[in-house]
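Colleague: I should be grateful for a close look at one part of this model, followed outward to the rest of the assembly. Please take the loop that you consider most worth attention and proceed from there.

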2 protein chains.
Amino acid sequence: MAELTDKGRRTRQRIVEATALRILDAGIDGTSLDDVRAETLTSKSQLFHYFPGGKAELVRAVAVWEGEQLLAAQEPHLSDLSTWESWAAWRRGLEEYYFDRGRWACPIGSLTAQMAAADAETAAFLREAWTSWRTRLADGVRRMQAAGHIDPGADAERLATSVLAAIQGGLLLSQPERATWPLEAALDTAWTTLHALPPTTTPPAEP
Amino acid sequence: MAELTDKGRRTRQRIVEATALRILDAGIDGTSLDDVRAETLTSKSQLFHYFPGGKAELVRAVAVWEGEQLLAAQEPHLSDLSTWESWAAWRRGLEEYYFDRGRWACPIGSLTAQMAAADAETAAFLREAWTSWRTRLADGVRRMQAAGHIDPGADAERLATSVLAAIQGGLLLSQPERATWPLEAALDTAWTTLHALPPTTTPPAEP
DNA sequence: TCGCTGTTGGACTGCATGGTCCATTACTAG
DNA sequence: CTAGTAATGGACCATGCAGTCCAACAGCGA
């Protein structure tokens, strides 16, 4: 597997993308190698040629690919997030990513929920993906704090985490409804909190 | 299956609970009937005796059972939620339910995420479960609005949805970390929003 | 005690699936 | 043109799993 020609790289990529799609709406266990084979018009030997580790390695490749796509879909705003406009643009990009083209779940979130079906390496990668995502959001929060738009006393990491939670939870609730409003409602609430945090408000101590 | 003796009911319940546990940390596909058989010291014929519909029916029974348990764990507070104290007690009960006894995920949330692996009937039941849960929370919000603790102009259903999203998203993020803080951070933020919503200038008008 | 019905045991079947293997074809560098 | 390597095809194997079937056992009412 050390040497790949262009053709090989393209075939490999085709396999990864088809598998990613299938996993997104059938889950890891619901995606058989034969499904992938049929969809990509490849043969069993090709799957094992490009992914000697078998299904586990293929799933890992899918996780990496999905992680890249997810982050890319949030750029360039994710790296900015220094103004409310940037946050708004970031949010629009995310909603578009999730709902356009019929993607109704977060690839990374789904995979995390299926961690039991994934191997240890994939689980480790997912942990990194979350950390990376959270950190980028937290950096944005800190930029807002530095600019005086968000209470400097707030914990940026926790705030970022709650925004991610709103996204993931909102998506989960959107699925059975087959509607976008649950995610939007969750994001609206997170939004309100972000905006409400300037120094005038004291966070409640509970429970 | 029309007639069940006490003994039969107990066996059936044993099967349901063991399956529920297994599904919670291995997923539907990661739970084989042989696993269940071994864990419950039953035989194949018993599984199909009590659940003629096979695995699908068993999963359905698990969903119903988990739904009951989840709602029960939130009582009596869930039916109250008319004061901040009641909300706090409700939250404590939930966290206890999720984190004590090593349960690190929401059974209903997990099943929803695995809908692709579930049959249509189970999916329908899950939709109902979410509606029921959301409605109870929304009722609580309305009680708080009536009591003048929350802005009467807020949409109770959407607010309830965002609280549910915080729970589910927080749980998802808690899993890879194997820590409780993500859920707590998400709930804290939802909390802040609830508290921040009262009209700051207009006093509540309520008989 | 008898007989009916619910309960239990476990062998067996058919099928889907991950994975192996070997042969063949297509490229590409020299 | 040729040799070597990557790419591909697809038969084949072993296993695990849902589901079937029949036989045996237990409890309870008559």
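Modeller: In this predicted model, Pro76(B) sits in the loop of chain B that runs between helix 4 (55–73) and helix 5 (84–99). The peptide bond that joins Glu75(B) and Pro76(B) is cis, with omega about 5°. Chain A has a cis bond from Glu75(A) to Pro76(A), where omega is near 0°. Pro76(A) is likewise placed in a loop, between helix 4 (55–73) and helix 5 (84–99) of chain A. Such bonds merit a remark because most peptide bonds are trans.

From this loop one may turn to the nonpolar interior. The largest nonpolar core has 59 residues, and those with the most contacts inside it are Leu70(B), Trp87(B), Trp90(B), Tyr98(B), Trp133(B), Leu137(B) and Ile167(B). Helix 7 (residues 120–146) of chain B is the element that gives the most to this core, supplying nine residues. At least three residues of the core come from each of domain 1 (6–61) and domain 2 (78–196) of chain B. Ile167(B) may serve as a point of reference within it. Setting aside neighbours within four places in sequence, Ile167(B) is in contact with Trp90(B), Leu94(B), Tyr98(B), Trp133(B), Leu183(B) and Leu187(B). A second, separate core comprises 58 residues, among them Phe51(A), Ala129(A), Leu137(A) and Leu187(A).

The overall form of chain A provides the setting for the features that follow. Chain A has nine helices and zero strands. Its C-alpha atoms fill a box of roughly 65 × 35 × 30 Å along the principal axes. Of its 207 residues, 49% count as buried. Among contacts in chain A between residues at least 6 apart in sequence, 66% join residues at least 24 apart. Ala38(A), in helix 2 (residues 33–40) of chain A, counts as partly exposed because its relative accessibility is 47%. The C-alpha atoms of Ala38(A) and Glu157(A) are separated by 44 Å, the two residues being 119 apart along the chain.

Two further loops contain residues with notable backbone angles. Leu41(B) belongs to the loop between helix 2 (33–40) and helix 3 of chain B. Its phi is near 55°, a positive value in a residue other than glycine. Leu41(B) is exposed because its relative accessible area is 74%, the cut-off for that class being over 50%. In chain A, Arg178(A) lies in the loop between helix 8 (156–177) and helix 9 (181–196). Arg178(A) also has a positive phi, near 55°, and counts as exposed because its relative accessibility is 54%. These angles are noted because most residues other than glycine have a negative phi.

The DNA may now be considered, beginning with strand C. This strand is surrounded by 23 residues, the closest being Leu33(A), Lys44(A), Thr5(B), Ser45(B) and Gln46(B). Of the atoms of DNA strand C within 4 Å of the protein, 58% belong to sugar or phosphate and the rest to bases. Several polar contacts reach phosphate oxygens of this strand. A backbone N or O atom of Leu33(A) lies 2.8 Å from one such oxygen, and a side-chain N or O atom of Thr5(B) is 2.9 Å from a phosphate oxygen. For Gly8(B), a backbone N or O atom lies 3.3 Å from a phosphate oxygen of DNA strand C. Helix 3 of chain A, together with helix 1 (6–26) and helix 3 of chain B, each give two or more residues to the surface near this strand. Helix 3 of chain B gives the most, with five residues.

DNA strand D is surrounded by 22 residues, of which Ser45(A), Gln46(A), His49(A), Leu33(B) and Lys44(B) are the closest. Here bases as well as phosphate take part in polar contacts. A polar side-chain atom of Ser43(A) lies 3.1 Å from a base nitrogen of DNA strand D, and a side-chain N or O atom of Lys44(B) is 2.8 Å from a base oxygen. A polar side-chain atom of Tyr50(A) lies 3.0 Å from a phosphate oxygen of DNA strand D. Helix 3 of chain A gives the most to the surface near this strand, with five residues. The residues of that surface divide into five nonpolar, twelve polar and five charged.

Definitions and conventions:
Residues are numbered from 1 along each chain as its sequence is written. Chains are lettered from A and ligands numbered from 1 in the order in which they are written. This is a predicted model: local features need pLDDT of at least 70, side-chain atom pairs count only at pLDDT 80 or more; totals for chains, interfaces and linings use all residues. Side-chain values use heavy atoms; hydrogens and water are left out. A nonpolar core is a set of buried Ala, Val, Leu, Ile, Met, Phe, Trp, Tyr and Cys residues joined through side-chain atoms within 4.5 Å. Buried means under 20% relative accessible area, exposed over 50%, partly exposed in between (1.4 Å probe, protein chains only). Helices (H or I, at least four residues) and strands (E, at least two) are DSSP runs, numbered from the N terminus. Domain bounds come from an automatic or database domain assignment. Contact means heavy atoms within 4.5 Å. A residue is near a molecule or strand if one of its heavy atoms lies within 4 Å of it. A polar contact is a pair of N or O atoms within 3.5 Å; within protein, one must be able to donate a hydrogen and the other to accept it, and residues adjacent in sequence count only if both atoms are side-chain atoms. Ala, Val, Leu, Ile, Met, Phe, Trp, Tyr, Cys and Pro count as nonpolar, Asp, Glu, Lys and Arg as charged, and the others, Gly among them, as polar.
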